[in-house]
Amino acid sequence: MSADRWAAIVAGAAVLAFLYVFFFGRRSAVEAESRITIVVDGGYSPDLIVARRGSPLTLIFDRRDSGPCTDEIVLPDFGIRRALPTGRRTAITIVPQHVGEYEFSCGMNMLHGRIRATE
Ligand SMILES: [Cu+2]
């Protein structure tokens, strides 16, 4: 095989690898589901949740760390402030009424996540 052909194959493989990483590698959003577990461990994972407008969404906060920062969760748009005991799963159900993004944060407004409501 010629050097040009090899170069084309290598370039093609590089493009495929890039596309794979671009579309799948860094994605932390989770598609619309009615229940989603969010691991709380120095941050929120995933930190972007895709929901459906008008449908109940249950967020299950699985708190693993014990730092003071994450011991409360706040969803200001829903008027919710809830304690998250370490080693427990705390379920919070909301209904996003409008298309758009809703923030959630720790009690000190330092760590953040988003709920994106779509049609
Ligand atoms: Cu905090």
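Strand 9 (residues 100-106) and strand 10 (residues 112-118) form a hairpin with five residues between them, and Asn109 in that turn has a positive phi of about 60°. Strands here are DSSP runs of E, at least two residues long, numbered from the N terminus. Keep in mind that this is a predicted model, where local features need pLDDT of at least 70 and side-chain atom pairs count only at pLDDT 80 or more, while totals for chains, interfaces and linings use all residues. Residues are numbered from 1 along each chain as its sequence is written, and side-chain values use heavy atoms, with hydrogens and water left out.

The two hairpin strands run antiparallel and are joined by six bridges; two strands count as paired if DSSP finds at least two bridges between them. Glu103, for instance, sits opposite Arg114 of strand 10. Strand 10 also pairs with strand 4 (residues 48-52), this time in the parallel sense and over five bridges. There, Leu48 has Arg114 as its bridge partner.

Now look at which way the strand 10 side chains point. Gly113, Ile115 and Ala117 face one way and are buried, whereas His112, Arg114, Arg116 and Thr118 point to the other face and are not. Buried means under 20% relative accessible area, exposed means over 50%, and partly exposed is in between (1.4 Å probe, protein chains only).

Arg116 brings us to the salt bridges, each a side-chain nitrogen of Lys or Arg within 4 Å of a carboxyl oxygen of Asp or Glu. By that rule there are seven. One of them joins Arg116 to Glu101, with the closest N and O atoms 2.7 Å apart. This pair links strand 9 to strand 10, 15 residues apart. Glu101 is partly exposed at 40%, and Arg116 is partly exposed at 31%.

Another salt bridge runs between Arg89 and Asp62 (3.6 Å, N to O). Arg89 lies in strand 8 (residues 89-94) and Asp62 in strand 5 (residues 57-63), so the pair ties together parts 27 residues apart in sequence. Arg89 is exposed at 54% relative accessibility, but Asp62 is buried at 9%.

Finally, go back to strand 9 for the copper ion. Its protein donors are Cys69 (SG) and Cys106 (SG), 2.1 to 2.2 Å away. Donors are N, O and S atoms within 2.8 Å of the metal (3.2 Å for Na, K and Ca), and sites may look incomplete because water is not among the atoms. Cys69 lies in the loop between strand 5 and strand 6 (72-75) and Cys106 in strand 9, so the pair ties together parts 37 residues apart in sequence. Both cysteines, Cys69 and Cys106, are buried.

Terms used:
Helices (H or I, at least four residues) and strands (E, at least two) are DSSP runs, numbered from the N terminus.
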